[in-house]
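Biologist: Please take one part of this predicted model and go through it closely, then carry on from there to the other parts that can be described in the same detail. Give the cut-off behind each term as you go.

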Amino acid sequence: MESALVKDNPLLFPLNKQKTLYDGFITVLERDFRLRVLLPPDGQLKGARLHCCWQLRQVLQGYEHIVKQRLQQSADLVTFILELKTVLVRRRSTPWLEVGLKSRPECRSIPPPRYYSQLISEMETLGWGRLLFIDTEFRTLRLKAEDSSGRQHVLTVKLKSRHPAEAPECSADLPVPLDITWTPQSTLDQLHSQFLLVLESLTEFWEVLDEIDSKTWILEPEKPSRSDTMRRIAIGTNVSIKVELDPRHPKMLPECCLLGAEHVVTPLRNKLNANMHLWNPDSGVLLNLRDVLEIEFPSPATHEKSSFSVECGICYSYRLEAAIPDQVCNDPRCGQPFHQACLYEWLRALPSSRQSFNIVFGECPYCSKPITVKMSAQQS
Ligand SMILES: [Zn+2]
Ligand SMILES: [Zn+2]
């Protein structure tokens, strides 16, 4: 049934897997009418509902009962659509062809009918299996793509009403800008191929990050996305390293920033500076970091994450909005971490604290040893 329906009405197709929701256009006397048919779960027409665009409703005025009756009694959807078209042709005596698109200014943004036939033929070339989502206006598409390592990616395409004359807006979860070359002859299939090439140029970057993510404890970002170039890797309790990879040269020495109490961070920083020349772009980033810092990273196989995610000593939580407790008391016997915002508010409230520009000098709420906190721009 479906194939006959699509053949006679190439602009009408099911929106869901169960084939109980059809949406699209029927063409009568070179006019396109938007309609939507909702079938009950059994797929039978009995109990089906028809939603028409206002132009179609206007043309069918006075014939609603007939249409409703035919909908309930037709053998199948193909028969019903055929009957509906017949009713529409009979209504030709009324000046419905003048039922104006002109009178409704918002209709100007509705693409011309050839937009839909063009879209369907492009999707047929690309393969419907690659369509993850299409909105009810048929303007926003999400296409799936798999890179050569089997990672799944999504390309979001917003088509313009003058498609394909005008280039669509494309976006994806990538660490680099998505540059797409589009000409008025371009198709979605070509767009998809270009996207696959972009993905291939980034597989090494994702390989490096996938290794880091699987073999270490990542403190930040909480849920890394494919566009994230930064990882904060736990080294020990209250010590971590923040690395920022270059997506174009992922195996080169990344930008590194060691975070934690001074007495632990200083020796690590010295090793990083002394051993930097040992960095070998042919071996993995994680292996290089290990050799340069002369440490073993705690891994999910050997350690619990809770030993690195120590809560803030002031608010007793780990995450404060997006922030984690990254201000650490430098006293080796204390080492208590705090959120920057918590420590700043705490110290500022104490008369014994001293402020100079955006730095507050005070005492650690835990061990009373000197502690300072710098206010970041957005909080001051
Ligand atoms: Zn806190
Ligand atoms: Zn302390």
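**Sheets, zinc sites and rings**

Modeller: Strands 1-2-3-4, in that order, make an open sheet of 4 strands with antiparallel pairing. Its edges are strand 1 (12–14) and strand 4 (49–52); each has a single partner strand, so one side of each is left without a neighbour in the sheet. On average, and ignoring direction, neighbouring strands of this sheet are turned by 20 degrees against each other. Strand 4 pairs with strand 3 (residues 31–38) in the antiparallel sense over 4 bridges. Within that pairing, Leu-35 has Cys-52 of strand 4 as its bridge partner.

Some ground rules belong here. This is a predicted model, in which local features need pLDDT of at least 70 and side-chain atom pairs count only at pLDDT 80 or more, while totals for chains, interfaces and linings use all residues. Residues are numbered from 1 along each chain as its sequence is written, chains are lettered from A and ligands numbered from 1 in the order in which they are written, and side-chain values use heavy atoms, with hydrogens and water left out.

As for the terms, strands (E, at least two residues) and helices (H or I, at least four) are DSSP runs numbered from the N terminus. Two strands pair if DSSP finds at least two bridges between them. The twist angles use axes that are lines fitted to C-alpha atoms, for helices over the stretch in contact, and angles run from 0 to 180 degrees between N-to-C directions.

A further open sheet of 4 strands has the order 9-10-11-12, again with antiparallel pairing. Strand 9 (218–220) and strand 12 (255–259) are its edge strands, each pairing on one side only. From one strand to the next, the twist averages 30 degrees. Strand 10 (residues 230–236) pairs with strand 11 (residues 239–244) in the antiparallel sense over 6 bridges. There, Arg-232 has Lys-242 of strand 11 as its bridge partner.

Next come the metal sites. Donors are N, O and S atoms within 2.8 Å of the metal (3.2 Å for Na, K and Ca); water is not among the atoms, so sites may look incomplete. Four donors count as tetrahedral if all angles lie between 85 and 135 degrees; four count as square planar and six as octahedral if opposite donors are over 155 degrees apart and all others between 65 and 115, and anything else is irregular.

The zinc ion (ligand 1) has Cys-312 (SG), Cys-315 (SG), His-339 (ND1) and Cys-342 (SG) as its protein donors, 2.1 to 2.3 Å away. Angles of 96 to 119 degrees among the 4 donor atoms make this site tetrahedral. Along the chain, the donors of ligand 1 follow the spacing C-x2-C-x23-H-x2-C. Cys-312 is in the loop between helix 9 (285–293) and strand 13 (327–328), and His-339 is in the loop between strand 14 (337–338) and helix 10 (340–348), so the pair ties together parts 27 residues apart in sequence. Both Cys-312 and His-339 are buried, a word that stands for under 20% relative accessible area, with exposed over 50% and partly exposed in between (1.4 Å probe, protein chains only).

Cys-329 (SG), Cys-334 (SG), Cys-364 (SG) and Cys-367 (SG) coordinate the zinc ion (ligand 2) at 2.3 to 2.4 Å. This site is tetrahedral too, with angles of 103 to 114 degrees among its 4 donor atoms. The donor spacing for ligand 2 is C-x4-C-x29-C-x2-C. Cys-334 lies in the loop between strand 13 and strand 14, and Cys-364 in the loop between strand 16 (359–363) and strand 17 (370–374), so this pair ties together parts 30 residues apart in sequence. Cys-334 is partly exposed at 24% relative accessibility, whereas Cys-364 is buried at 2%.

That leaves the rings. The whole structure holds 5 aromatic pairs (rings of Phe, Tyr and Trp, the last by its six-membered ring, with centres within 6.5 Å; planes under 30 degrees apart are stacked, over 60 edge-to-face, the rest tilted). One of them is edge-to-face: the centres of Tyr-116 and Phe-138 are 5.9 Å apart and their planes stand at 85 degrees. Tyr-116 has a relative accessible area of 6% and is buried; Phe-138, at 2%, is buried as well.
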